[in-house]
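Open the model in a viewer and keep the selection panel at hand. The stops below go from one strand outwards to its chain, and then across to the other chain.

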Amino acid sequence: MAHDGEGTAARRILVKLSPLLVDLFPGSARRVEIEAASVKEMVDALDRRWPGMRDRICDSTPAIRRHMNVFVEGRRARLDTPLSPGAEVFVITAISGG
Amino acid sequence: MAEKILILVGTKKGAFIVESDPGRKSWRIRGPFCETWPMNHVVGDPATGAIYGAGGNEWFGPAVWKSRDFGETWTHSSAGLAYEAGEEPIKAVWSLAPRNGRLYAGVQPAGLFYSDDRGENWNHVEGLQRHPTRPDWQPGGAGLILHSLIPDLDDEDRIWIGISSAGVFYSGDGGQTWEPRNRGTRADFLPEGQNYPEFGQCVHCLVRPKGESDLLYQQNHCGMYRSEDGGRSWKSIEAGLPSTFGFPAAVHPRDSSTLYLLPLNGDIAGRFVPEAKAAVWRTRDRGETWQDLREGLPQENAFFGVLRQAMATDVLEPAGVYFGTSGGALFASSDEGDSWTCIAEHLPSISSIETMVVRD
(Lines give C-alpha, C1' and ligand atoms only; values in the text may rest on other atoms or scores of the structure.)
Protein backbone atom coordinates (compact mmCIF):
# COMPACT_ATOMS: atom_id res chain seq x y z
CA MET A 1 0.00 0.00 0.00
CA ALA A 2 1.17 3.50 -0.81
CA HIS A 3 1.08 6.29 1.76
CA ASP A 4 0.87 10.03 1.33
CA GLY A 5 3.18 11.71 3.80
CA GLU A 6 1.45 15.09 3.65
CA GLY A 7 -1.06 16.46 6.14
CA THR A 8 -2.32 14.95 9.34
CA ALA A 9 -3.50 11.46 10.04
CA ALA A 10 -6.86 12.87 11.14
CA ARG A 11 -7.91 13.35 7.46
CA ARG A 12 -6.52 10.09 6.21
CA ILE A 13 -8.69 8.06 3.86
CA LEU A 14 -8.21 4.79 2.00
CA VAL A 15 -8.51 4.82 -1.79
CA LYS A 16 -8.90 1.62 -3.77
CA LEU A 17 -8.05 2.09 -7.46
CA SER A 18 -9.25 0.12 -10.48
CA PRO A 19 -6.59 -2.24 -11.84
CA LEU A 20 -7.09 -0.70 -15.28
CA LEU A 21 -6.21 2.70 -13.85
CA VAL A 22 -3.20 1.36 -11.96
CA ASP A 23 -1.91 -0.23 -15.17
CA LEU A 24 -1.72 3.23 -16.75
CA PHE A 25 0.63 4.56 -14.06
CA PRO A 26 3.70 2.43 -13.42
CA GLY A 27 4.53 2.47 -9.73
CA SER A 28 0.99 3.21 -8.60
CA ALA A 29 -0.83 0.92 -6.20
CA ARG A 30 -4.29 -0.58 -5.93
CA ARG A 31 -4.65 0.71 -2.34
CA VAL A 32 -3.40 4.09 -1.26
CA GLU A 33 -3.81 6.10 1.94
CA ILE A 34 -3.96 9.87 1.44
CA GLU A 35 -5.16 13.01 3.20
CA ALA A 36 -8.31 14.50 1.67
CA ALA A 37 -11.53 16.10 2.85
CA SER A 38 -13.40 15.80 -0.47
CA VAL A 39 -13.31 13.74 -3.63
CA LYS A 40 -11.75 16.70 -5.44
CA GLU A 41 -8.96 16.88 -2.87
CA MET A 42 -8.51 13.14 -3.21
CA VAL A 43 -8.15 13.40 -7.00
CA ASP A 44 -5.70 16.29 -6.60
CA ALA A 45 -3.64 14.22 -4.17
CA LEU A 46 -3.63 11.25 -6.54
CA ASP A 47 -2.51 13.53 -9.37
CA ARG A 48 0.36 14.87 -7.25
CA ARG A 49 1.54 11.34 -6.60
CA TRP A 50 1.04 10.11 -10.15
CA PRO A 51 0.93 13.06 -12.55
CA GLY A 52 -1.80 12.70 -15.12
CA MET A 53 -4.12 10.55 -13.02
CA ARG A 54 -6.59 13.43 -12.64
CA ASP A 55 -7.15 13.46 -16.41
CA ARG A 56 -8.00 9.78 -16.38
CA ILE A 57 -10.58 10.13 -13.59
CA CYS A 58 -12.00 13.57 -14.45
CA ASP A 59 -12.80 15.48 -17.60
CA SER A 60 -12.27 19.22 -18.12
CA THR A 61 -15.84 20.20 -17.18
CA PRO A 62 -14.59 19.45 -14.47
CA ALA A 63 -16.47 16.34 -13.43
CA ILE A 64 -15.84 12.67 -12.83
CA ARG A 65 -15.76 11.00 -16.23
CA ARG A 66 -19.02 9.53 -17.45
CA HIS A 67 -17.73 5.97 -17.44
CA MET A 68 -15.75 6.25 -14.25
CA ASN A 69 -17.32 5.75 -10.87
CA VAL A 70 -16.15 7.01 -7.50
CA PHE A 71 -17.96 5.36 -4.62
CA VAL A 72 -17.80 6.72 -1.08
CA GLU A 73 -19.27 4.59 1.66
CA GLY A 74 -21.17 2.63 -0.97
CA ARG A 75 -22.68 5.62 -2.79
CA ARG A 76 -21.69 7.16 -6.13
CA ALA A 77 -19.91 10.42 -5.42
CA ARG A 78 -19.17 13.71 -7.19
CA LEU A 79 -16.11 15.90 -6.97
CA ASP A 80 -17.69 17.97 -4.21
CA THR A 81 -18.66 14.97 -2.10
CA PRO A 82 -17.06 15.36 1.36
CA LEU A 83 -14.89 12.63 2.80
CA SER A 84 -14.90 11.70 6.46
CA PRO A 85 -11.68 10.68 8.17
CA GLY A 86 -11.18 6.98 7.63
CA ALA A 87 -13.48 6.89 4.59
CA GLU A 88 -13.04 4.10 2.09
CA VAL A 89 -13.24 5.29 -1.53
CA PHE A 90 -13.42 3.12 -4.62
CA VAL A 91 -12.32 4.49 -8.01
CA ILE A 92 -13.59 1.98 -10.54
CA THR A 93 -14.43 1.70 -14.21
CA ALA A 94 -18.10 1.55 -15.17
CA ILE A 95 -19.55 -0.91 -17.63
CA SER A 96 -18.51 0.30 -21.06
CA GLY A 97 -17.06 -0.85 -24.34
CA GLY A 98 -17.77 -3.44 -26.97
CA MET B 1 22.70 0.03 -44.23
CA ALA B 2 20.23 -2.21 -42.39
CA GLU B 3 16.64 -1.10 -42.67
CA LYS B 4 13.31 -2.13 -41.34
CA ILE B 5 9.88 -1.05 -42.45
CA LEU B 6 7.22 -0.64 -39.78
CA ILE B 7 3.51 -0.47 -40.52
CA LEU B 8 1.90 1.42 -37.67
CA VAL B 9 -1.65 0.20 -37.20
CA GLY B 10 -4.29 1.95 -35.12
CA THR B 11 -7.24 -0.26 -34.24
CA LYS B 12 -10.37 -0.17 -32.14
CA LYS B 13 -8.49 -2.23 -29.57
CA GLY B 14 -4.96 -0.93 -29.39
CA ALA B 15 -2.00 -0.16 -31.62
CA PHE B 16 -0.07 -2.80 -33.52
CA ILE B 17 3.24 -2.76 -35.34
CA VAL B 18 3.72 -4.97 -38.37
CA GLU B 19 7.34 -5.08 -39.47
CA SER B 20 9.56 -6.47 -42.19
CA ASP B 21 12.92 -6.03 -43.80
CA PRO B 22 12.90 -3.81 -46.91
CA GLY B 23 12.08 -6.80 -49.10
CA ARG B 24 8.58 -6.73 -47.58
CA LYS B 25 7.99 -10.46 -48.09
CA SER B 26 7.76 -11.67 -44.50
CA TRP B 27 5.98 -9.75 -41.79
CA ARG B 28 5.89 -9.98 -38.00
CA ILE B 29 3.02 -8.62 -35.91
CA ARG B 30 3.55 -7.03 -32.49
CA GLY B 31 0.85 -5.73 -30.17
CA PRO B 32 -1.68 -4.85 -28.99
CA PHE B 33 -0.10 -1.78 -27.42
CA CYS B 34 -1.52 1.23 -25.55
CA GLU B 35 -3.49 -0.91 -23.08
CA THR B 36 -5.90 -1.81 -25.91
CA TRP B 37 -7.29 1.73 -26.03
CA PRO B 38 -9.04 2.63 -29.27
CA MET B 39 -6.27 4.21 -31.33
CA ASN B 40 -7.41 6.49 -34.12
CA HIS B 41 -4.03 7.33 -35.60
CA VAL B 42 -0.51 6.03 -35.00
CA VAL B 43 2.39 7.91 -36.60
CA GLY B 44 6.16 7.84 -36.58
CA ASP B 45 8.32 10.94 -36.33
CA PRO B 46 11.22 10.38 -38.73
CA ALA B 47 13.25 13.12 -37.02
CA THR B 48 13.28 11.49 -33.58
CA GLY B 49 12.28 7.88 -34.18
CA ALA B 50 9.41 8.26 -31.73
CA ILE B 51 6.05 6.63 -32.37
CA TYR B 52 2.92 8.49 -31.27
CA GLY B 53 -0.60 7.16 -30.91
CA ALA B 54 -3.79 9.25 -30.87
CA GLY B 55 -6.48 7.70 -28.77
CA GLY B 56 -9.54 8.07 -26.68
CA ASN B 57 -10.97 5.67 -24.19
CA GLU B 58 -14.55 5.62 -22.92
CA TRP B 59 -13.28 5.26 -19.38
CA PHE B 60 -10.20 7.42 -19.32
CA GLY B 61 -10.70 10.06 -22.02
CA PRO B 62 -8.23 11.36 -24.61
CA ALA B 63 -4.48 10.89 -24.61
CA VAL B 64 -1.49 10.80 -26.88
CA TRP B 65 0.67 7.73 -26.36
CA LYS B 66 4.37 7.67 -27.07
CA SER B 67 7.01 5.00 -27.57
CA ARG B 68 10.70 5.83 -27.93
CA ASP B 69 11.79 2.23 -28.46
CA PHE B 70 9.71 1.24 -31.48
CA GLY B 71 6.81 -0.04 -29.45
CA GLU B 72 8.52 -1.92 -26.66
CA THR B 73 7.36 0.51 -23.97
CA TRP B 74 4.75 3.28 -23.99
CA THR B 75 3.78 6.29 -21.93
CA HIS B 76 0.77 8.56 -22.31
CA SER B 77 -0.13 12.17 -21.61
CA SER B 78 -3.01 14.56 -21.97
CA ALA B 79 -1.53 17.43 -19.97
CA GLY B 80 -3.05 20.57 -21.45
CA LEU B 81 -5.14 18.60 -23.91
CA ALA B 82 -8.38 20.20 -22.77
CA TYR B 83 -10.82 22.96 -23.55
CA GLU B 84 -11.83 25.55 -20.99
CA ALA B 85 -13.87 24.47 -17.98
CA GLY B 86 -17.55 24.31 -18.83
CA GLU B 87 -16.99 23.58 -22.51
CA GLU B 88 -17.68 20.17 -24.00
CA PRO B 89 -14.72 18.02 -22.97
CA ILE B 90 -12.42 16.41 -25.51
CA LYS B 91 -13.50 12.85 -26.18
CA ALA B 92 -10.61 11.53 -28.24
CA VAL B 93 -7.53 12.46 -30.23
CA TRP B 94 -8.03 11.68 -33.90
CA SER B 95 -4.97 12.75 -35.83
CA LEU B 96 -1.30 13.49 -35.37
CA ALA B 97 1.31 15.22 -37.50
CA PRO B 98 4.94 15.90 -36.56
CA ARG B 99 6.70 18.91 -38.05
CA ASN B 100 10.23 20.04 -37.30
CA GLY B 101 10.12 19.21 -33.61
CA ARG B 102 6.50 20.18 -33.07
CA LEU B 103 3.70 17.63 -32.84
CA TYR B 104 0.17 18.60 -33.84
CA ALA B 105 -2.96 16.80 -32.65
CA GLY B 106 -6.50 17.04 -33.97
CA VAL B 107 -9.25 16.19 -31.52
CA GLN B 108 -12.97 15.54 -31.09
CA PRO B 109 -14.92 17.81 -30.76
CA ALA B 110 -12.94 19.49 -33.50
CA GLY B 111 -9.94 21.43 -32.31
CA LEU B 112 -6.20 21.65 -32.80
CA PHE B 113 -3.41 21.33 -30.24
CA TYR B 114 0.37 21.21 -30.42
CA SER B 115 3.23 20.01 -28.28
CA ASP B 116 6.78 21.32 -28.36
CA ASP B 117 8.11 18.75 -25.90
CA ARG B 118 7.39 15.54 -27.77
CA GLY B 119 3.87 14.98 -26.52
CA GLU B 120 4.39 15.66 -22.82
CA ASN B 121 2.45 18.94 -22.64
CA TRP B 122 -0.13 20.35 -25.04
CA ASN B 123 -1.18 23.84 -26.09
CA HIS B 124 -4.45 24.84 -27.69
CA VAL B 125 -4.51 26.56 -31.09
CA GLU B 126 -7.33 28.83 -30.00
CA GLY B 127 -7.72 30.65 -33.31
CA LEU B 128 -9.61 27.74 -34.81
CA GLN B 129 -12.24 27.80 -32.04
CA ARG B 130 -12.68 31.52 -32.60
CA HIS B 131 -13.57 31.10 -36.25
CA PRO B 132 -16.97 32.74 -36.88
CA THR B 133 -18.34 29.56 -38.47
CA ARG B 134 -17.53 27.44 -35.40
CA PRO B 135 -21.05 27.51 -33.85
CA ASP B 136 -22.47 26.10 -37.09
CA TRP B 137 -20.13 23.13 -37.52
CA GLN B 138 -22.11 19.90 -37.67
CA PRO B 139 -20.73 16.49 -36.71
CA GLY B 140 -20.36 13.70 -39.24
CA GLY B 141 -21.09 10.05 -38.56
CA ALA B 142 -18.00 9.66 -36.37
CA GLY B 143 -18.63 12.93 -34.54
CA LEU B 144 -17.19 16.42 -35.00
CA ILE B 145 -13.62 15.32 -35.61
CA LEU B 146 -10.48 17.01 -36.87
CA HIS B 147 -9.04 14.10 -38.77
CA SER B 148 -6.82 15.49 -41.50
CA LEU B 149 -3.83 17.51 -40.46
CA ILE B 150 -1.26 18.84 -42.92
CA PRO B 151 1.40 21.20 -41.61
CA ASP B 152 3.68 22.54 -44.32
CA LEU B 153 7.16 21.17 -43.62
CA ASP B 154 8.78 24.11 -45.41
CA ASP B 155 6.67 27.00 -44.11
CA GLU B 156 5.80 26.86 -40.44
CA ASP B 157 2.95 29.32 -40.85
CA ARG B 158 0.97 27.15 -43.27
CA ILE B 159 -1.36 24.39 -42.16
CA TRP B 160 -4.42 22.70 -43.67
CA ILE B 161 -6.97 20.72 -41.72
CA GLY B 162 -10.04 18.64 -42.52
CA ILE B 163 -13.03 18.48 -40.20
CA SER B 164 -16.08 16.27 -40.60
CA SER B 165 -18.32 17.83 -41.48
CA ALA B 166 -17.13 21.41 -41.42
CA GLY B 167 -14.82 21.03 -44.42
CA VAL B 168 -11.27 22.08 -45.23
CA PHE B 169 -9.73 25.05 -43.42
CA TYR B 170 -6.37 26.76 -43.95
CA SER B 171 -4.19 28.96 -41.84
CA GLY B 172 -1.30 30.97 -43.24
CA ASP B 173 -0.29 32.48 -39.91
CA GLY B 174 0.47 29.50 -37.74
CA GLY B 175 -3.12 28.93 -36.64
CA GLN B 176 -4.09 32.40 -35.46
CA THR B 177 -6.66 32.86 -38.22
CA TRP B 178 -8.36 30.38 -40.52
CA GLU B 179 -10.31 30.42 -43.74
CA PRO B 180 -12.61 27.77 -45.22
CA ARG B 181 -11.26 26.30 -48.45
CA ASN B 182 -14.10 24.31 -49.95
CA ARG B 183 -15.00 26.09 -53.18
CA GLY B 184 -16.00 23.53 -55.77
CA THR B 185 -16.72 20.65 -53.40
CA ARG B 186 -20.29 19.42 -53.10
CA ALA B 187 -22.54 18.83 -50.15
CA ASP B 188 -25.19 16.57 -51.67
CA PHE B 189 -26.80 16.13 -48.27
CA LEU B 190 -27.91 19.77 -48.13
CA PRO B 191 -31.12 21.08 -49.70
CA GLU B 192 -31.21 21.54 -53.47
CA GLY B 193 -29.58 24.78 -54.49
CA GLN B 194 -27.42 24.92 -51.37
CA ASN B 195 -24.93 22.24 -52.35
CA TYR B 196 -21.83 24.41 -52.63
CA PRO B 197 -21.60 26.23 -49.29
CA GLU B 198 -18.58 28.12 -47.99
CA PHE B 199 -18.17 25.46 -45.29
CA GLY B 200 -20.03 22.39 -44.03
CA GLN B 201 -18.77 19.91 -46.60
CA CYS B 202 -17.99 16.42 -45.36
CA VAL B 203 -14.32 16.02 -46.18
CA HIS B 204 -13.21 12.46 -45.50
CA CYS B 205 -9.48 12.63 -46.14
CA LEU B 206 -7.15 15.42 -47.18
CA VAL B 207 -3.63 14.65 -48.45
CA ARG B 208 -0.76 16.66 -49.88
CA PRO B 209 2.09 15.23 -51.95
CA LYS B 210 5.65 16.17 -51.19
CA GLY B 211 7.41 18.62 -53.43
CA GLU B 212 4.34 20.54 -54.56
CA SER B 213 3.55 23.65 -52.62
CA ASP B 214 -0.15 23.99 -53.39
CA LEU B 215 -1.27 20.58 -54.67
CA LEU B 216 -3.90 18.86 -52.54
CA TYR B 217 -6.25 15.94 -53.02
CA GLN B 218 -9.33 15.13 -51.01
CA GLN B 219 -11.72 12.22 -50.79
CA ASN B 220 -15.02 13.72 -49.82
CA HIS B 221 -18.31 12.18 -48.76
CA CYS B 222 -19.53 13.61 -52.06
CA GLY B 223 -16.81 13.14 -54.63
CA MET B 224 -13.09 13.13 -55.22
CA TYR B 225 -11.23 16.39 -55.78
CA ARG B 226 -7.90 18.00 -56.63
CA SER B 227 -6.73 21.50 -55.85
CA GLU B 228 -3.69 23.12 -57.40
CA ASP B 229 -3.99 26.38 -55.49
CA GLY B 230 -3.75 25.26 -51.89
CA GLY B 231 -7.45 24.53 -51.58
CA ARG B 232 -8.80 27.87 -52.78
CA SER B 233 -10.62 25.99 -55.52
CA TRP B 234 -11.29 22.31 -56.13
CA LYS B 235 -11.86 20.35 -59.31
CA SER B 236 -13.74 17.07 -59.43
CA ILE B 237 -11.59 14.11 -60.44
CA GLU B 238 -14.19 11.42 -59.85
CA ALA B 239 -14.79 10.55 -63.53
CA GLY B 240 -13.64 6.99 -64.07
CA LEU B 241 -14.05 5.91 -60.47
CA PRO B 242 -16.70 3.31 -59.55
CA SER B 243 -18.17 5.53 -56.86
CA THR B 244 -18.03 9.08 -55.61
CA PHE B 245 -17.86 7.78 -52.04
CA GLY B 246 -14.93 6.53 -50.03
CA PHE B 247 -12.77 7.42 -47.11
CA PRO B 248 -8.99 7.13 -47.53
CA ALA B 249 -6.53 8.65 -49.96
CA ALA B 250 -2.77 8.12 -50.06
CA VAL B 251 -0.14 9.92 -52.08
CA HIS B 252 2.93 8.37 -53.69
CA PRO B 253 6.08 9.25 -51.74
CA ARG B 254 7.88 10.74 -54.75
CA ASP B 255 5.44 11.21 -57.62
CA SER B 256 2.91 13.95 -56.88
CA SER B 257 0.74 12.83 -59.79
CA THR B 258 0.19 9.36 -58.34
CA LEU B 259 -2.60 8.87 -55.85
CA TYR B 260 -4.35 5.83 -54.39
CA LEU B 261 -8.02 5.57 -53.38
CA LEU B 262 -10.29 2.85 -52.13
CA PRO B 263 -13.81 3.78 -53.22
CA LEU B 264 -16.76 2.23 -51.40
CA ASN B 265 -20.15 1.52 -52.88
CA GLY B 266 -21.96 4.53 -51.44
CA ASP B 267 -23.05 6.20 -48.26
CA ILE B 268 -26.45 4.50 -48.17
CA ALA B 269 -25.48 1.26 -49.89
CA GLY B 270 -23.55 -0.46 -47.13
CA ARG B 271 -20.22 1.35 -47.39
CA PHE B 272 -18.26 -1.69 -48.49
CA VAL B 273 -16.21 -2.27 -51.63
CA PRO B 274 -18.31 -2.09 -54.82
CA GLU B 275 -19.94 -5.41 -55.80
CA ALA B 276 -18.13 -6.97 -52.83
CA LYS B 277 -14.94 -7.06 -54.94
CA ALA B 278 -11.93 -5.28 -53.48
CA ALA B 279 -9.89 -2.86 -55.56
CA VAL B 280 -7.49 -0.03 -54.98
CA TRP B 281 -7.77 2.68 -57.60
CA ARG B 282 -4.64 4.46 -58.79
CA THR B 283 -4.10 7.52 -60.91
CA ARG B 284 -0.75 8.44 -62.46
CA ASP B 285 -1.99 11.77 -63.85
CA ARG B 286 -3.49 13.65 -60.90
CA GLY B 287 -6.90 12.07 -61.24
CA GLU B 288 -7.51 12.54 -64.96
CA THR B 289 -7.63 8.76 -65.43
CA TRP B 290 -7.92 5.85 -63.02
CA GLN B 291 -6.86 2.21 -62.97
CA ASP B 292 -8.31 -0.49 -60.73
CA LEU B 293 -5.75 -2.70 -59.00
CA ARG B 294 -7.13 -6.10 -57.99
CA GLU B 295 -4.38 -8.72 -58.20
CA GLY B 296 -4.27 -10.52 -54.88
CA LEU B 297 -7.34 -8.79 -53.46
CA PRO B 298 -10.57 -10.72 -52.74
CA GLN B 299 -12.93 -10.64 -55.71
CA GLU B 300 -15.96 -12.19 -54.09
CA ASN B 301 -17.84 -11.79 -50.84
CA ALA B 302 -15.72 -8.87 -49.67
CA PHE B 303 -18.04 -6.84 -47.47
CA PHE B 304 -15.48 -4.64 -45.76
CA GLY B 305 -14.88 -0.93 -45.62
CA VAL B 306 -11.66 1.02 -45.22
CA LEU B 307 -11.67 4.04 -42.96
CA ARG B 308 -10.32 7.52 -43.67
CA GLN B 309 -6.86 7.07 -42.18
CA ALA B 310 -6.44 3.39 -43.01
CA MET B 311 -4.36 3.59 -46.20
CA ALA B 312 -0.74 4.68 -46.58
CA THR B 313 2.37 4.40 -48.72
CA ASP B 314 5.97 3.85 -47.69
CA VAL B 315 9.11 5.62 -48.92
CA LEU B 316 10.93 2.54 -50.21
CA GLU B 317 11.70 1.82 -53.86
CA PRO B 318 9.37 0.75 -55.38
CA ALA B 319 6.82 2.35 -53.12
CA GLY B 320 4.74 0.14 -50.88
CA VAL B 321 1.03 0.68 -50.45
CA TYR B 322 -1.03 -0.60 -47.52
CA PHE B 323 -4.61 -0.58 -46.33
CA GLY B 324 -6.44 -1.99 -43.34
CA THR B 325 -10.07 -3.04 -43.28
CA SER B 326 -12.98 -2.70 -40.92
CA GLY B 327 -12.75 -6.48 -40.54
CA GLY B 328 -9.19 -6.38 -39.27
CA ALA B 329 -7.30 -7.48 -42.39
CA LEU B 330 -4.14 -5.73 -43.54
CA PHE B 331 -3.22 -5.79 -47.23
CA ALA B 332 0.18 -4.82 -48.60
CA SER B 333 1.68 -4.13 -51.99
CA SER B 334 5.42 -3.79 -52.51
CA ASP B 335 5.10 -2.85 -56.19
CA GLU B 336 3.17 0.42 -56.10
CA GLY B 337 -0.19 -1.32 -56.00
CA ASP B 338 0.20 -3.70 -58.95
CA SER B 339 -0.21 -6.78 -56.72
CA TRP B 340 -1.37 -7.36 -53.17
CA THR B 341 -0.92 -9.76 -50.29
CA CYS B 342 -2.93 -10.10 -47.10
CA ILE B 343 -0.25 -9.84 -44.41
CA ALA B 344 -2.49 -9.87 -41.32
CA GLU B 345 -5.97 -11.12 -40.56
CA HIS B 346 -8.21 -11.08 -37.54
CA LEU B 347 -6.86 -7.86 -36.08
CA PRO B 348 -9.41 -5.57 -34.44
CA SER B 349 -11.18 -3.17 -36.78
CA ILE B 350 -8.45 -0.99 -38.31
CA SER B 351 -8.71 2.79 -37.95
CA SER B 352 -5.37 3.93 -39.31
CA ILE B 353 -2.27 2.89 -41.21
CA GLU B 354 1.02 4.76 -41.40
CA THR B 355 4.52 3.60 -42.24
CA MET B 356 7.96 4.29 -40.85
CA VAL B 357 11.39 3.25 -42.11
CA VAL B 358 13.95 2.52 -39.41
CA ARG B 359 17.63 2.72 -40.27
CA ASP B 360 20.30 1.38 -37.92
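How many of the five residues of strand β17 (residues 216-220) of chain B are buried? Select the strand in this predicted model: five of its five residues are buried, which leaves β17(B) mostly covered.

Next, show the side chains of β17(B). B:L216, B:Q218 and B:N220 point one way, B:Y217 and B:Q219 point the other way, and all are buried. In a regular strand, side chains alternate between the two faces of the sheet.

Now add the strands that pair with β17(B). Select residues 203-207 of chain B, which form strand β16. β16(B) and β17(B) run antiparallel and are joined by four bridges. To check the register, pick B:V203, which stands opposite B:N220 in β17(B).

Then select residues 223-227 of chain B, strand β18. β18(B) pairs with β17(B) in the antiparallel sense as well, over five bridges. Here the pair to pick is B:Q219 and, opposite it in β18(B), B:M224. The connection from β17(B) to β18(B) is a hairpin through two residues.

Zoom out to the whole of chain B. The chain has one helix and 28 strands. Its radius of gyration is 19 Å, close to the 21 Å that the globule rule gives for 360 residues, so chain B is as compact as a globular protein of that length. Along the principal axes, its C-alpha trace spans about 50 × 50 × 35 Å. Of the 360 residues in chain B, 51% are buried. Among contacts in chain B between residues at least 6 apart in sequence, 51% join residues at least 24 apart.

Move to the contact between the chains. Chain A puts 16 residues into the contact and chain B 14 residues. On the side of chain A that touches chain B, select α1 (19-23) and α3 (53-57), the elements of chain A that give two or more residues. Coloured by class, that side of chain A shows four nonpolar, seven polar and five charged residues.

The last stop is helix α2 (residues 39-49) of chain A. Select A:V39, A:M42, A:V43, A:A45 and A:L46, which are buried. Look down the axis of α2(A): the buried residues fall within an arc of 160 degrees, so they line one face of the helix. To see what covers them, add elements of chain A including β2 (12-17), β3 (31-35), α3, β4 (58-59), β6 (68-72) and β8 (88-93).

Note on methods
Residues numbered from 1 in each chain as written. Chains lettered and ligands numbered in written order. Predicted model: local features only at pLDDT ≥ 70, side-chain atom pairs only at ≥ 80, totals over all residues. Contact = placed C-beta atoms within 7 Å. Nonpolar A, V, L, I, M, F, W, Y, C, P; charged D, E, K, R; others polar. Buried ≥ 20, exposed ≤ 12 C-beta atoms within 10 Å, placed from the backbone. Pairing = 2+ DSSP bridges. Arc of directions from axis to C-beta. Rg over C-alpha atoms; globule rule 2.2 N^0.38 Å.
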